[in-house]
Amino acid sequence: MAEYQALYRKYRPQTFDEVVGQSHVTTTLSREVADGHVAHAYLFAGPRGTGKTTTARILAKTLNCENRLADGSPDNDCDSCLAITEGSSFDVLELDAASHNSVDDIREMRVSVTTVASTGTGRRVFILDEAHMLSKAAGNALLKTLEEPPEHVHFVLATTEPYKLLDTVRSRTQRFDFHSVSIESLTAHLARISDIEGYKTEPAALIAVARHATGSVRDSLSLLEQVAALGDSTVDLNGVNRALGLADQEAYSALTAAIADQDAQAGLELVARLAGEGVDLRRFVAESVGFLRGVFLAHYAPNLAEVADEPEEVLEHWRKAAVRLPAGDVLRGVDLLGEALIKLREGREERLMLELAMIKLTRPETSTDAEAMLSRMDRLERKINSLSSAPLADRKPTFTDPAPQPAERAAVDPEPAPSPALDPTDTEVEDQLVAAAAPLVGEPESAPKANDVTIDMFRSVWPQLFGGLRDLLGARRWALFRETEPLDVRGSTLIVGVRHGFHLKSLEADPAAASIVATRAGDLLGGAVEVVFAPADGSVTIAGDENDVRSNRREDPEQEPERVPDQNQMDEASDDLTDPFKLIEDELGGTVVDESDGGG
């Protein structure tokens with residue numbers, strides 16, 4: 001009975017034409033051999049499993065072939081070719097630099113270099129694998145021999161990390177870069193070998209194997225063999241997922257929906273399903289990062305097929321996800337899942353790390369980073385824009401009923417139930433913010449407005465309003481809003497003065513900024529208001545009113561105007577002016593509960 005060989009050994013290429021996906025290398029080498037212009041030293045650099053050592057052996061076989069073909073290919077039938085194929089040739093020496101990296105090892109090789117070939121016209125070929133593992137001293141010891149070897153000697157240095165080689169070593173070689181093999185080429189190669197082996201295959205399964213081989217021919221054949229053994233010579237998509245612990249495509253669709261809908265429950269259910277099916281959660285996180293990368297490319301690369309080596313069905317999946325996920329959420333997802341992957345590689349509990357990442361992905365308010373805040377504001381802007389384009393009859397009411405004061409609460413509910421913990425899935429705050437911004441986009445006139453608002457009332461709430469807007473506006477808008485002050489009030493319209501013309505133009509061109517300020521001001525004044533930005537020392541016309549708006553206008557000339565605090569002072573005192581507990585109640589719809597034990 002013949003000894004079993006792994007597929008990658010059984011189907012190792014024996015000629016230049018059989019090397020998969022490296023024609024730019026093999027064509028050049030065969031032409032150099034045919035023309036007699038073979039270099040004394042080569043450097044083969046590239047990812048693992050792409051044919052570096054195999055090509056070096058074919059080159060050695062070609063140089064020693066007794067019946068070489070006209071195109072520079074070996075005949076694979078002469079004694080020399082057979083000996084090299086079997087690994088018994090004295091003229092081809094393969095050394096592993098990982099274990100032969102000392103100066104003494106290089107000295108022994110230099111002695112061997114002076115030995116003549118087994119035949120008068122033969123060539124000696126030294127193949128140094130993992131050449132980047134040579135020590136600095138060993139590399140220096142190799143230099144002279146590498147630069148001026150005997151005429152019958154050739155060196156081939158193979159490495160996955162050429163930048164670790166000494167510059168002096170690299171400069172004495174002719175370099176060829178091996179590329180990761182494309183999915184299309186790998187799939188065709190796998191299909192050809194599957195036919196020879198008699199495997200029953202599905203095209204989608206072969207594509208999945210090729211994708212997860214990441215450009216390595218050797219890895220793709222190992223995966224194919226593993227899946228075929230599991231499926232009793234049947235290679236289907238289910239078998240690939242089982243063998244490799246992969247999630248199916250539906251899992252990534254569910255991930256997209258959970259992020260887009262801000263559905264934490266759906267995200268956690270997805271994690272539970274994957275764990276129950278035996279999916280490798282660490283690999284799922286890594287694959288999710290790759291998936292979101294594809295979605296990001298779909299946002300910004302119209303020529304997606306040219307920048308991504310993926311089948312068309314994968315590209316279409318990315319495009320559909322890009323329609324649902326804004327680019328900001330995609331980038332935030334890449335960051336969060338990337339951080340989770342690092343923690344998993346450190347040995348953290350896989351399911352817990354994935355669940356935490358899923359919560360942060362689907363509920364940005366649970367995260368305190370700036371990206372989470374920007375994601376929430378971006379989502380708010382999109383909802384406001386959708387209101388502006390929807391028919392009036394389809395829009396939500398502008399404002400919810402004001403929350404009852406403590407005395408009113410006692411009358412309505414004399415025995416209130418214990419306050420629940422803040423629910424991260426509650427979307428009431430976001431919906432109220434959107435609804436409160438609706439007057440700016442044409443909300444029905446039946447919405448309750450703030451009545452009897454005066455300039456004194458506006459100025460009295462200004463410090464708290466100003467101090468509470470820093471996080472809501474974001475860095476860019478806050479830089480513009482810092483140069484403002486309360487100017488005047490017309491009915492339920494608050495006029496905010498802007499000191500600089502550029503800042504004024506920027507704020508006027510950004511309806512969301514006015515919406516956010518109006519929402520916060522309405523909360524403080526007890527009803528819906530509108531906000532208009534105007535020059536701090538100029539004028540503005542509102543609804544047919546032709547009067548100029550001037551700051552610090554007084555009815556009584558003898559009355560000293562109430563000065564608004566300097567903005568820098570408010571920046572410094574904003575934390576004192578804003579009650580953090582009230583902010584929690586207002587923004588998150590919850591109640592602050594003191595759980596201290598009284599110091600006992």
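**Two buried helix residues and a helix pair**

Serine 288 has a relative accessibility of 1% and therefore counts as buried, the cut-off being under 20% relative accessible area. The model is predicted. Serine 288 is located in helix H14, which spans residues 281-300. When residues up to four places away in sequence are not counted, the contacts of serine 288 are with Tyr252, Leu255 and Leu337.

A second buried position is leucine 143, for which the relative accessible area is 13%. Leucine 143 belongs to helix H6, formed by residues 136-147. Apart from neighbours within four places in sequence, Thr168, Val169 and Arg172 are in contact with leucine 143. For one of these, valine 169, the C-alpha atom is separated from that of leucine 143 by 6.3 Å, with the two positions 26 residues apart along the chain counted as their sequence separation.

The packing of two further helices was also examined. Helix H10 (residues 217-230) and helix H11 (residues 237-244) have axes that come within 9 Å and cross at roughly 105°. H10 is therefore roughly perpendicular to H11, since angles of 65 to 115 degrees are assigned to that class. On the H10 side, the contact is made by Leu223, Gln226, Val227 and Leu230. H11 contributes Gly239, Val240, Arg242, Ala243 and Leu244. Sorted by class, the residues in the contact of H10 with H11 comprise 6 nonpolar, 2 polar and 1 charged. The charged residue is Arg242 of H11, while Gln226 of H10 and Gly239 of H11 are polar.

Key: Residues numbered from 1 in each chain as written. Predicted model: local features only at pLDDT ≥ 70, side-chain atom pairs only at ≥ 80, totals over all residues. Heavy atoms only, no water. Helix = DSSP H or I, 4+ residues; strand = E, 2+ residues; numbered from the N terminus. Buried < 20%, exposed > 50% of the residue type's maximum accessible area, 1.4 Å probe, protein only. Contact = heavy atoms within 4.5 Å. Axes fitted to C-alpha atoms, helices over the stretch in contact; angles between N-to-C directions. Parallel < 35°, antiparallel > 145°, perpendicular 65-115°, else oblique.
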